[in-house]
Each structure stands twice: as structure tokens, then as C-alpha cells.
Amino acid sequence: MPGVYQKAKPFILAVAILLGLCADATRARADTATAVFAGGCFWCVEADFEKVPGVIEAVSGFTGGKVANPTYKQVVRGGTGHYEVVEISYDPARIDFGQILSLFLRSVDPTDAGGQFCDRGDSYRTAIFVSNAEEKRSAERALRATLSVTPGRKPTTTCQSKSMSGADSPSAP
């Protein structure tokens, strides 16, 4: 039997390594959360969040429109209804949704309906895309707190449900 074991040893080792990699990948996905924000130019928002400790990845795309898989030109030309968004993957053990939300709200003007800073147009509107009632409550509370320091200005940033299907999926530029 020692000969059979010796011949099977590389196969057994390969299976063990593969199972370990699968388990590690599953654990990594379970320990990752996502936030989706529309904050004007998505490349600017993406660059800001890529520097934040605990953020794993920030990916630019579009969401919220009525055209499936729009091109960048279609979106910025207007008429598709899409927002430029950034999907932020983060480690909730290192940074939580509230902290990420706070960073986002400090980088935008939540009262500007026409876009953000020099980026003007519908695709540059601000929005917070939430995936559950707790995130929605946090977002609404954070918006109220942000606006409490600017009395008389009305919020235009909206809280919307994340939808990851069809024309509502974040799609790459």
C-alpha cells in the first residue's frame, strides 16, 4: 500500500490546496460589504475612496437608468436617467457603512440638484444606493445631520434601493 499512497499524494495535496483556496475565497466574500454612491464625477469619487483604509476596491460605473449597458457618451449626453456611481467594497471589520457614508457626504454638496462642482448634468446628481432598511435609516440620519449645519438649504441627494439587475446594474464606463 505504501506505493499507492505515494502515487496518490500529489493528487491529495492538490485537492487539499483547492479546497483551502475555495474556503478562503468564500470567507473573503462573507467579510466584504458594498456601498454604492453617486457623487458627481465617478473617477473623483473612486480616487478618494481607494485611499481609505478598509476599502478593498472602488469601481466606477452607472446605475439607475432606463438603458441597458449604456456607453459613457450616452450617459453624459443625458436622457438615459443614469447616475455615475462608485461601488465601494470594504471590510466592515475595519470601516463601517456609517464611516464610509460620512466620508461621502463630506465630499459632495447634497443640496446641488444640477450636479457636483464643475460637473453639471443629470448623470452627476448625488444619491446613496442602499441595500436594506438599516442602511436607509443611516443614510437619512446622516443627510439630516449634514444639512443641519446649512439651515434653509434643501437636500437633493436621494436614498434609493440598490438594484443589481437589468438597466439598474452598475455597469462599467
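**View 1. Val-36 meets its bridge partner in β6, Phe-129.** This close-up comes from a predicted model. β1 and β6 run antiparallel and are joined by four bridges. Look at β6 from either face and you will find it covered: Thr-126, Ile-128 and Val-130 are buried on one side, Ala-127 and Phe-129 on the other. In general, side chains of a regular strand alternate between the two faces of the sheet.

**View 2. The largest nonpolar core has 25 residues.** The members touching the most others are Phe-37, Phe-49, Ile-88, Ile-100, Leu-101, Leu-105 and Ile-128. At least two core residues come from each of β1, α2, β2, β3, α4, β6 and α5, and α4 gives the largest share, with five. A second core, separate from this one, has six residues, including Val-36, Ala-38, Tyr-83 and Phe-129.

**View 3. Here are the neighbours of Ile-88.** Leaving aside residues up to four places away in sequence, Ile-88 touches Ala-33, Thr-34, Ala-35, Phe-37, Phe-49, Val-55, Glu-57, Ala-58 and Ile-100.

**View 4. Helix α5 has a buried side and, opposite, exposed residues.** Glu-135, Ser-138, Ala-139, Ala-142, Leu-143 and Leu-147 of α5 are buried; they lie on the same side of the helix because they cover an arc of only 155° around the axis. Glu-134 and Arg-144, on the other side, are exposed. From first C-alpha to last, the 15 residues of α5 reach 21 Å, close to the 21 Å expected at 1.5 Å a residue.

**View 5. Asn-132 sits at the start of α5.** One of its side-chain oxygens comes within 3.1 Å of the backbone nitrogen of Glu-134.

Conventions. Residues are numbered from 1 along each chain as its sequence is written. This is a predicted model: local features need pLDDT of at least 70, side-chain atom pairs count only at pLDDT 80 or more; totals for chains, interfaces and linings use all residues. Side-chain values use heavy atoms; hydrogens and water are left out. A nonpolar core is a set of buried Ala, Val, Leu, Ile, Met, Phe, Trp, Tyr and Cys residues joined through side-chain atoms within 4.5 Å. Buried means under 20% relative accessible area, exposed over 50%, partly exposed in between (1.4 Å probe, protein chains only). Contact means heavy atoms within 4.5 Å. Two strands pair if DSSP finds at least two bridges between them. The expected span of a helix is 1.5 Å times one less than its number of residues. The arc is that of the directions from the helix axis to the C-beta atoms. A polar contact is a pair of N or O atoms within 3.5 Å; within protein, one must be able to donate a hydrogen and the other to accept it, and residues adjacent in sequence count only if both atoms are side-chain atoms.
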